[in-house]
Each structure stands twice: as C-alpha cells, then as structure tokens.
Amino acid sequence: MRLSRFFLLTLTLLLLLSFSIASDPTSNDAQNDDSDDLEQLLALDEQEDREQGQEQEGGGGGGRLSEAEVLAKAQRIVLELNGDNTKRVIDGNEYVMVLGYAPWCVRSAELMPQFAEAANSLKELGSHLLMAKLDGERYPKVASMLDVKGFPTLLLFVNGTSQPYTGGFTAEEIVVWARKKTGVPVSRLNTIVEAEQFLKKYHMFVIGLFEKFEGPDYEEFEKAATSDNEIQFVEVSSIEVAKVLFPDVKANNLFLGVVKSEPERYTLYEGSFEMDKILQFLDYNKFPLITKLTEMNSVRVHSSPVKLQVFIFAKADDFKNLLEPLQDVARKFKSKIMFIYIDIADENQAKPFLTLFGLEDSDSTVVTAFDNKVNSKFLLESDPTTSKIEDFCSGLLQGTLSPYYKSQSIPNNENARVLTIVGKTFDDLVLKTPKNVLLEVYTPWCVNCETTSNQMEKLAKHFKGFDNLVFAKIDASVNEHAKLVVDVYPTLLFYKAGDKGNPIKFSTKMSSKDLAGSINKHLKGKDQVSKDEL
C-alpha cells in the first residue's frame with residue numbers, strides 16, 4: 001500500500017530531526033572519516049540490493065521495498081555535513097551539491113525526499129557528484145561559510161567554488177540540472193531497450209535525431225543542451241529508437257521535438273538548427289497546457305516569455321471537472337497564452353493575486369488574465385463556462401478586453417464635506433466635473449494619512465459654499481483608475497477645472513493655511529478666500 005503524502009512528510013521531518021540529534025559535534029565520532037562512512041553505507045545498500053534480487057529470483061514475496069524504505073535508503077546516500085567535515089568534503093571532491101536545510105522548515109521537508117531520490121538516481125547513473133546536506137540551524141557558522149542564507153538552499157560546488165542552483169525542485173529536475181553542470185548535457189540512446197528504460201525515468205525531454213553525431217546542426221543541438229538548465233536532452237541516430245520516444249518521427253536523418261507527460265505530449269520543432277531558436281522554442285513549449293502554480297515553480301512560471309497569462313482560481317474538486325475542457329481551450333492558444341491554475345484554498349498562492357482584483361475572500365471559481373507586456377490585468381466577470389473562457393482568451397489575444405480596475409461600491413455622499421471617490425465614480429466626480437477638485441489619495445495602513453485627512457476636513461469647512469471647488473478622497477488600496485497612478489501615500493492632487501489631465505501635486509507637509517493659499521492661487525480671483533480665516 002502506498003504511504004500517504006502526509007506520512008512521508010512526517011517521516012522526512014523525523015529524519016531531519018534525527019540527523020540533528022544523532023551526534024554531538026564534540027564527540028570522537030565526529031572526527032571519523034565521513035567518506036569511509038559513506039562508502040560503508042553504500043556497500044550496505046549494494047548488499048541489500050543483491051539480497052533482494054536473490055529473493056525476487058527465488059520467488060520471495062517481500063521483494064518490493066515500501067516507499068518509506070526507499071526514502072530511508074536514499075537518505076543514506078546523502079552525506080551529512082557538520083562543523084568538522086564540511087571543508088574537507090568540499091575541498092576533496094570535484095563536484096558537491098549541498099542542501100542547506102532546517103529541521104523545522106516545511107519546504108526543507110518537502111525538498112529532502114526529492115533531493116534524496118535525485119541522489120539515488122545520480123548514483124545509478126554513475127555520477128561523480130557527491131550529494132550532501134547541512135543542518136543550517138545546528139551549524140550556523142558553517143552555513144554562513146557556505147553562503148546558505150535561507151532554507152532550503154541548494155548550492156553546487158565545483159572544485160571548491162560555489163554556484164547557485166537554478167533548476168527545478170523535483171528529483172528529475174535536480175538530476176537533469178546536476179548532470180548538465182557536471183559535464184553530461186546530453187544522453188545518447190543506441191537501442192530500443194535503452195529508449196524504453198529512458199521513458200520510464202523522464203517525464204519531459206528533448207529528442208534529437210541525427211545521421212551522425214557531428215556537423216553544424218549537431219553542434220547547435222549540443223550548445224542548446226548545454227545552455228538549457230531544465231530539460232533533459234537525448235540524442236539518437238536510429239529511426240527505430242527515435243520512434244519509441246516520438247512515434248510520429250518522419251525524418252530519417254534530422255529531427256528535433258519535445259516530449260511531455262501530458263495530453264499535448266509531442267511537439268515538433270520546425271525551425272532551423274540554431275541554438276537561440278531551439279532555446280526559444282523550448283521556452284514557449286516547455287510548460288504543460290495548464291500549469292499548477294506552486295512555491296517551487298513560481299520563479300520559472302513568472303519568468304516565462306509568454307506574456308499573456310490566464311489564471312484559473314478554483315477548488316481542487318471544481319477544477320477536476322473543468323480540466324479537460326479547459327485543456328481543449330488551452331490547446332487553441334498554445335505558445336500564445338499561458339494557462340495557470342491555482343488552488344483557491346491555497347492562501348499563500350491565491351490571495352496575493354485575488355487581492356489585485358479585490359476578490360481575496362472569494363471561494364468560487366475566478367478567471368483572470370494578465371498582459372505582462374503592458375502591466376494590465378483583466379477579469380472574466382461572467383460565469384466561467386468553457387465558451388466564456390475561450391471568448392475571454394480570444395479578447396486577450398486580440399487586445400479587445402477592457403482592463404480591470406478595482407472599485408468599491410458607490411457610496412452615499414449626501415451631506416459629506418469630503419466626497420468619497422471609488423474607482424467607478426472617478427471619471428464622473430473627478431475628471432468630468434467642471435469643478436476644481438482637491439483629491440486625497442490614501443491607504444488604511446498609511447501612518448501620516450490621518451493628519452492629512454483631518455486637514456482636508458478643515459479645508460472643506462473653510463471653503464464651504466464655493467460651488468466650483470470639491471474636496472474628495474479615495475482609498476487606493478481598494479480602488480483603481482487608469483488615470484490615477486500614485487505610489488506614495490498620502491498624496492494630494494489638485495485637478496484644475498479645464499485641465500484635468502495635468503493634476504497639480506500639493507505637498508502633504510504644508511500647514512492648513514499654506515494649503516489654503518495654494519488652493520486660492522489656482523482659483524479665479526473672484527472666488528478666492530482669505531487663508532487667515534483658518
């Protein structure tokens with residue numbers, strides 16, 4: 001029976017804690033040769049493998065390791081660093097990948113089994129990369145020496161010099177990145193059996209078919225494989241082997257395509273064999289039709305060159321029903337619009353985006369979009385049916401959607417000295433009115449806004465009866481408008497009658513009398529009032 005994800009996460013946390021408690025750094029055991037310890041553990045694993053293989057050949061019933069046993073075995077391959085062995089390990093090995101973690105860190109616990117599984121895979125592939133981990137909380141000086149500034153942190157040391165990790169966070173992605181950085185950018189497959197085994201290990205890869213592994217086209221392919229940090233590249237020279245990986249191969253001697261483990265599984269490259277063009281093709285085609293946004297992949301998603309992005313926020317069960325028809329929609333806009341799903345129950349991921357639309361408390365399906373070329377956002381304001389989502393995407397692509405601006409409900413300003421403006425009333429009450437308008441732009445968390453608000457009330461009372469002058473305020477945290485661009489709060493803007501397109505900025509540090517003087521300066525002479533009356 002497969003262990004639940006919760007149990008594995010708990011087991012990993014216990015393993016992390018056990019490494020922190022296991023030994024005192026001042027004990028004699030800490031002085032042992034860690035390399036010898038590691039070799040003994042690996043020898044033990046190999047002995048277990050042989051015994052298990054004999055059991056399976058003899059028909060024994062307990063041959064398959066449980067998921068917990070696999071995790072524990074993989075953990076043993078990862079060397080634990082401490083205050084005594086770190087420098088020796090880093091300086092004594094050509095390649096060392098270090099995971100800096102903390103026992104209390106949930107993200108460390110999530111990454112640890114992936115890191116251990118990667119270590120196991122790299123060992124099976126014959127990699128010379130040593131995988132190690134450091135409890136940065138237990139050994140803060142060592143963590144500082146290695147430049148571990150947060151948890152978890154991955155670093156690769158090449159001959160003692162560190163470089164930051166820039167790959168993904170699944171075991172497969174760690175393996176791909178590590179092999180590329182340690183001199184194996186491309187895997188070569190010669191037989192159908194090798195191809196079948198390869199398919200079992202990799203969920204995404206680039207396949208190149210060449211008559212000979214030489215020449216300008218092949219060199220550009222190799223350069224692309226070396227430059228890319230995320231995707232496994234594989235090369236073949238046999239059309240039969242190529243068809244195991246990419247069944248629709250039609251070329252006999254030159255072909256390139258990308259394979260993913262999703263409905264849109266095969267994508268053919270039809271451009272010329274130039275490194276930059278191959279890499280651009282991968283940038284636009286490496287994500288699935290719909291990408292689930294997580295903490296682990298957020299950087300990769302946000303750095304995508306596909307600038308038009310549609311976000312679907314939904315409960316997990318609701319999204320299951322929406323997934324298949326939504327994939328059909330995404331297929332129509334492939335490489336032009338990126339589709340991203342966020343579990344609306346995941347506050348850490350969903351809330352920052354939904355807040356941009358004033359929908360942070362929503363618990364039903366929401367569909368939004370962003371055009372990151374011009375920093376515009378859009379909201380599907382009708383029911384999120386498949387046809388409505390497709391129309392929404394067409395409008396996004398064609399540039400016919402109206403940008404969305406947050407707005408509170410229209411308030412009742414009856415008898416108010418200072419009018420409350422919202423996004424929906426900004427045009428009518430500020431830009432289109434023939435009157436002069438002094439507008440305070442504030443936010444609830446602004447420390448100095450209360451003082452300015454009090455000044456506005458005092459000024460409104462002072463100028464009471466002046467029909468050509470309006471005092472107003474707008475909460476910029478929940479209201480937006482295309483013509484209101486403010487990033488400092490509070491801000492005072494004077495919209496002069498007849499010239500609303502060029503508001504005059506008043507200093508919020510002025511006294512009430514000085515503000516009254518500034519207002520008078522911009523009013524017609526007959527409408528001026530003495531500031532000494534304040």
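So, disulfides: how many does the count come to? One disulfide. Keep in mind that we're looking at a predicted model here.

The pair is Cys446 and Cys449, and their sulfur atoms sit 2.2 Å apart. With sulfurs counted as a disulfide when they are within 2.5 Å, that pair makes the cut. And which hand does the disulfide have? The torsion about the S-S bond of Cys446 and Cys449 comes out at about 100°, so this one is right-handed.

Next, are these cysteines buried or exposed? The cut-off for buried is under 20% relative accessible area. Cys446 has 13% relative accessibility, so it counts as buried. Its partner Cys449 has a relative accessible area of 3%, so Cys449 is buried as well.

While we're on cysteines, let me mention two others. Cys105 is at 7% relative accessibility and therefore counts as buried. Cys393 is at 0%, so that one goes down as buried too.

Okay, on to the sheet. What I'd like you to find on the screen is an open sheet of five strands, and if you read across it the order goes S11-S13-S12-S14-S15, with mixed pairing. At the edges you've got strand S11, residues 290–292, and strand S15, residues 376–379; each of those pairs on one side only. On average, neighbouring strands in this sheet are turned by 25° against each other, ignoring direction.

Let's zoom in on one pairing. Strand S12 covers residues 308–314 and strand S13 covers 338–343, and the two pair in the parallel sense over six bridges. If you want a spot to click on, try Phe311, which stands opposite Ile340 in S13.

Last stop, a pair of helices. Helix H5 runs over residues 106–124 and helix H7 over 171–181. How do they pack? At an angle of about 50°, with the axes 8 Å apart. Angles under 35 degrees would be roughly parallel, and 65 to 115 would be roughly perpendicular, so H5 and H7 are oblique to each other. The crossing of H5 and H7 is right-handed.

And which residues make that contact? From H5 it's Leu111, Gln114, Phe115, Glu117, Ala118, Ser121 and Leu122. From H7 you have Ala171, Ile174, Val175, Ala178 and Arg179.

To recap, then: the count gave one disulfide, formed by Cys446 and Cys449; the open sheet has five strands with mixed pairing; and H5 and H7 cross in the right-handed sense. Happy to rotate the view if anyone wants another look.

Conventions
Residues are numbered from 1 along each chain as its sequence is written. This is a predicted model: local features need pLDDT of at least 70, side-chain atom pairs count only at pLDDT 80 or more; totals for chains, interfaces and linings use all residues. Side-chain values use heavy atoms; hydrogens and water are left out. Buried means under 20% relative accessible area, exposed over 50%, partly exposed in between (1.4 Å probe, protein chains only). Two strands pair if DSSP finds at least two bridges between them. Helices (H or I, at least four residues) and strands (E, at least two) are DSSP runs, numbered from the N terminus. Axes are lines fitted to C-alpha atoms, for helices over the stretch in contact, and angles run from 0 to 180 degrees between N-to-C directions. Angles under 35 degrees count as roughly parallel, over 145 as roughly antiparallel, 65 to 115 as roughly perpendicular and the rest as oblique. A crossing is left-handed if the near helix is turned anticlockwise from the far one by less than a right angle, and right-handed if clockwise. Contact means heavy atoms within 4.5 Å.
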